[in-house]
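Dear colleague,

I am handing over the structure we spoke about, together with some notes on it. Please look at the sequence and the coordinates before reading on.

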Amino acid sequence: MEKVKKTEAEWKAELSPEQYEIVREKGTEAPFTSELNDVKAPGTFKCVACGQPLFTSEAKFESGTGWPSFDRPMDESAVDTEEDNSFLMRRTEVLCSRCDAHLGHVFDDGPADTTGKRFCINGCALEFDES
Ligand SMILES: [Zn+2]
């Protein structure tokens, strides 16, 4: 896979201010603000910055947190994870493996009957393609 590398000025020109703050500056959108929270139709959630397919509707579940939540990525290689100890919390950051966009975090309190993982993803970092 070829990595997408762009300068911060290029990203800024391509993304909306809100998208830029989340994917490049590791921001977090306010909960219950993304229209993708309620998406239940079959389809693919892609990286808003580079278009790489990241999650499918099949993996989406209602977590009640106010952010789109998935129990697994579409493919193990679609996302990278990294330890994040900011804000005095021990969390695991989830990034797009192709362009290093910050997507959200992954926690171990997901659905016990599937993977047990909860990928808590900013809707602003995603683009939905209905299939
Ligand atoms: Zn990406």
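Below are the notes on the zinc site, the nonpolar core, the aromatic rings and one residue of a strand.

This is a predicted model, so local features were taken only at pLDDT of at least 70 and side-chain atom pairs only at pLDDT 80 or more, while totals for chains, interfaces and linings use all residues. Residues are numbered from 1 along each chain as its sequence is written, and side-chain values use heavy atoms, with hydrogens and water left out.

The zinc ion has as its protein donors Cys47 (SG), Cys50 (SG), Cys96 (SG) and Cys99 (SG), which lie 2.3 to 2.4 Å from the ion; donors are N, O and S atoms within 2.8 Å of the metal (3.2 Å for Na, K and Ca), and since water is not among the atoms, sites may look incomplete. The angles between the four donor atoms run from 103 to 114°, which makes the arrangement tetrahedral (for four donors, all angles between 85 and 135 degrees). Along the sequence the donor residues follow the spacing C-x2-C-x45-C-x2-C. Cys50, in the loop between strand 1 and strand 2, and Cys99, in the loop between strand 6 and strand 7, are 49 residues apart, and this pair links distant parts of the chain; strands (E, at least two residues) and helices (H or I, at least four) are DSSP runs numbered from the N terminus. Cys50 counts as buried at 18% relative accessibility, and Cys99 counts as buried at 2%, where buried means under 20% relative accessible area, exposed over 50% and partly exposed in between (1.4 Å probe, protein chains only).

The largest nonpolar core (a set of buried Ala, Val, Leu, Ile, Met, Phe, Trp, Tyr and Cys residues joined through side-chain atoms within 4.5 Å) has 30 residues, of which Leu54, Phe55 and Cys99 touch the most other members. At least two residues of this core come from each of helix 2 (17–23), strand 1 (43–47), strand 2 (53–56), strand 6 (91–96), strand 7 (102–107) and strand 8 (118–121), and helix 2 gives the most, with three residues. Leaving aside residues up to four places away in sequence, Leu54 is in contact (heavy atoms within 4.5 Å) with ten residues' worth of surroundings that include Phe45, Cys47, Met74, Cys96 and Leu103.Turning to the aromatic rings, the structure holds four aromatic pairs (rings of Phe, Tyr and Trp, the last by its six-membered ring, with centres within 6.5 Å; planes under 30 degrees apart count as stacked, over 60 as edge-to-face and the rest as tilted). Phe45 and Phe128 form a tilted pair, 4.6 Å centre to centre with 40° between the planes, and since Phe45 lies in strand 1 and Phe128 in strand 9 (residues 126–130), the pair ties together parts that are 83 residues apart in sequence. Phe55 and Phe70 are stacked, at 4.4 Å centre to centre and 15° between the planes. Ring pairs link Phe45, Phe55, Phe70, Phe119 and Phe128 into a cluster.

Finally, Asp129 has its place in strand 9 and counts as partly exposed at 38% relative accessibility.

With best wishes

Note on methods: Tetrahedral: all angles 85-135°; square planar, octahedral: opposite > 155°, others 65-115°.
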